[in-house]
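The exercises below concern the backbone and burial of one chain. Each task is followed by a solution in steps.

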Amino acid sequence: MASTETLKRPASGFRISRKMLPYVLSLPALLVCIGILIPFFTAVVYSFQRYRLSQPWARQFNWGENYINFFTDPAFWNTLKVSLLYAGLTVTLELLLGLGIALLLQRRSTVNNFISIMLLLPLMIAPALAALMWKLMTNPSFGILSYLASLIGLHDFRWASSPDTALLTVVLVDIWVYTPFIMILLLAGLRSLPTQPFEAAALDGVPRSFVFFRITLPMLTPYILTATLFRLLDSIQQFDIIYAMTQGGPGNTLTVFQVEAYLNFFQSTNVGRSAALLIILWAITYTLSNVFIKNWLRLRERARGEA
Amino acid sequence: METMSPLERILRGLALTLVVVFFMFPIFWIFLMSFQTNETILAIPPSIVFSPTLSNYAALITGKLQTAAGTLDIAFMSNLGNSIFLSVASVAVSLVLGVPAAYAFARHKFKGSEDIAFTLLSFRFAPPLLVLLPLTQYFQWLGLSNTYVGLIWVYQLICLPLILWIVRGYFEDISADVEYAYRIAGHSWLATFRKIALPLAGPGIAAAGLLAFIFAWNNFVFALVLASADKQPVTVGALAFVTSSGIQYGQIAAAIVLSVTPTLALALYAQRYLVEGLSLGAVKG
Amino acid sequence: MTTLQLKNIVKRYKSQTVLDDLTLDVADGERLVLFGPSGAGKTVLLRLVAGVIEPDAGRVLIGGEDMTDVDAEHRGVGMAFQNFALFPHMSAFDNIASPLTATKSSKEKIAAGVQKVAKLLKIDHVLTHHPKALSNGQKQRTALARALVGSPPLLLLDDPLRNVDAKLRFEMRLELPRLLAAQGATVVYVTQDYKEAMALGDRIAVMASGSIRQIGTPQEIYNAPADIEIARLFGDPTINLLDVTPQRGGEGVFVELSNVRVRLADYGADVVGSPCVLGLRPEAISFVDAAAPGAIPVTVEAETPLNEKTVTLALTARGREILVSRPAGTPGPTAGPAHIAVNGTQAFLFDKTSGALLPRADLAAKRNGEAA
């Protein structure tokens, strides 16, 4: 029988580590947090400065001039318009398409499961590389899509190199890459719904449109909200696809927030304006992400509850 | 479902076929293209019947490209090497930093723990350039410009929130009593963490690591802003490729195929965990 | 063997106080049962003693030593959990061996120790199995073996029979006292089952909403429950509780049930006239002939034969429900009109407003004597 004397008594130093343990464990994560927050605040400072890399001597605080100038700056309004249009179009189309595909694949079967895994592949391709793939396919001299377009009478269809169709082309690439994201989330949602309401409705002979709008959609809403907000947050700051496809062109057709900020920084070397653009984008995403995180947490708790 | 009419069955089949064609065709086409010479690629009308060649892959792998103007050096293999190194190292660092933190957040609700966790999460949704542009200057001061260390540190921006929130969920799924029982049996917290928490959360940690690898691999903007040619991963390198003179289209296609194969293979391997990873642990597949 | 002392323990979760200034002494080698409804704080208390959660205030002393700030692994206690808390990735052997591996014993010693306790608990044939492959009963025995294997001087058992089926619970209730006696440890045993408490406890501490309401031997608590709630929790079938107002007659204090006087010999004049609740254990009531003294007419509604006793539900003339218990096999009415008699010496009186047990005359007199 073990007696208390044989027990190792802790040294007094051990006491501190017991209380400090969680802090010690999360210290690295905390340091990364701080390391990211420092450049963030630097960016805030930049956004209130007149700061051009080409004229470092003229750097000074101009207290909000960068922001005030936006009001009369058509390039800024173009950026805002294109960003919202891009985000609105991609998310709406991806949601409709993703929901449709999820409904088609809802029933668990070998074929459906296989297809749903296959459909995930575009999502696993780097968006920049996906853009490159579509660039090859829409090349005017050998692109298969250009050829197909010519078959239906669209000769010399310019895809991303024409200002008229550039937006639609990048939206198409975005849809190709990210529809699977919405599809897979909604599919998981659909398959986690309780079956009783649907069985009861089937027994009572309730019309299927009624079941869809009054049972399926309301029960799926948390998933739809989370998936949509998630996509919206990413889409409003899309950079990879647009930059890889057209670098914001032709002209300023596709100068969405991050592309415009990138070009401002590296081409016009206007650091102040670039930072101000990004701060405005951050304000938009921050607001959205607060709504998102609330929904996301609710879903997360539900998922944990089922585990 | 059981009462599907034949017409509906046909329509559903048609719709699914269209969906599969739309999402699979580009992969299929680029794959074919990677085995073609410029002559067959440029042929009109395009044909899927051609005699396949491995010359594109050979050129990429040897790094030497014979053109009419002479021999051209291709850095693609070094891009591939950078991708592998950056992704593996980033995930390793992320696991070392993130798993203990995830454990602390799951087990010890201490003051400020949720704040740190949510701040990290919010990084996932902040515009990356907002942090990257000032970082270019900090990196110059710190001597981290165009270094692997600097890049790996920035990659934590995407890897760490993912690891933290997914692994935290797995730790939360372990009954606290099981860990208590091991402590009471006479083992230190460290032994309990190593012998109980880590093995039980093991599959989840592995899955989170794989997903973080995929996201790190697919990242474009970090290296675009912070790396020069010799440190660039495939995402940036392949883009630079397009503009380089004398390059053949089949070689671009082959480079794309080589660049996406690792992530596609990993995705297929870890597909059971993809839903959870993509939603940062909010939805279980 | 060792002692356990808890001094003024307070534990809060957010704004809720789970343990409220709780003080408890467990003697060397004693088997103390913590009995109470769920949410009373029993499990929290046990974890506090084990050292896996910390009190907000108060001290925990084991063997006279202040262990409040000592980590769980250095307290030298054994604990079995209600949900077993087996390590799912380890075999039953490794589960049981875990307290021994912590002491860095030799492989042979560990194997011998595990074998011995496994044999004692009749699970030596499933030691290679993982918990997933064990039946519920085997899981429960594995958890118990893990708690016992290190021969800890203090053993904490958190409702170990809660999650096993009725047959196994019955077997273990017989087996456990012997096992624990052989172990020679000081035991704190948590349960919600009053029969388990009666069978296993040297003393029972009745807990409700974060504090100990009453502590005493099983007999003391059964025969003198401190308040109505304890009386109701303790006993099966449940105690009969009837609103009454004691009166004084020629031969002493009495209450009227259906106009029949029931003498309460143990109570003094201090209870007369105040509204009370009369507590009658079902076995304090018996069926009698109509002619017997103090016979109260009732109507028998239903009869439930249990293995060792028969419980009858009867209605008084005023429609109050009465449970009557008699040993199985003894004759009694099964339906229709009958008469009962009440053993007044086994009746309790509780204050109607506070619910507290009213002191009996002899005890009251004793206390007055002490005070004087």
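A residue is buried if 20 or more other C-beta atoms lie within 10 Å of its own, exposed if 12 or fewer, and partly exposed in between. The model is predicted.

**Exercise 1.** Place Lys122(C) in chain C and state whether Lys122(C) is buried, partly exposed or exposed.

Solution.
- Step 1: Lys122(C) sits in the loop that runs between helix H3 (107-120) and helix H4 (136-148) of chain C.
- Step 2: Around Lys122(C) there are 13 other C-beta atoms within 10 Å.
- Step 3: Lys122(C) is therefore partly exposed.
- Step 4: Although Lys122(C) is not a glycine, its phi is positive, at about 60°. Most residues other than glycine have a negative phi.

**Exercise 2.** Do the same for Asn259(C): is this residue buried or exposed?

Solution.
- Step 1: Asn259(C) belongs to the loop between strand S13 (252-257) and strand S14 (260-263) of chain C.
- Step 2: Asn259(C) has 9 C-beta neighbours inside 10 Å, so it counts as exposed.
- Step 3: Asn259(C), a residue other than glycine, also has a positive phi, near 65°.

**Exercise 3.** Describe chain C as a whole: how many helices and strands are there, and what share of the residues is buried?

Solution.
- Step 1: Chain C contains nine helices and 21 strands.
- Step 2: Of its 372 residues, 42% are buried.
- Step 3: Among contacts in chain C with a separation of 6 or more, 66% join residues 24 or more positions apart.
- Step 4: Along the principal axes, the C-alpha atoms of chain C fill a box of roughly 75 × 50 × 35 Å.

Key:
Residues are numbered from 1 along each chain as its sequence is written. Chains are lettered from A and ligands numbered from 1 in the order in which they are written. This is a predicted model: local features need pLDDT of at least 70, side-chain atom pairs count only at pLDDT 80 or more; totals for chains, interfaces and linings use all residues. Helices (H or I, at least four residues) and strands (E, at least two) are DSSP runs, numbered from the N terminus. Two residues are in contact if their C-beta atoms, placed from the backbone, lie within 7 Å.
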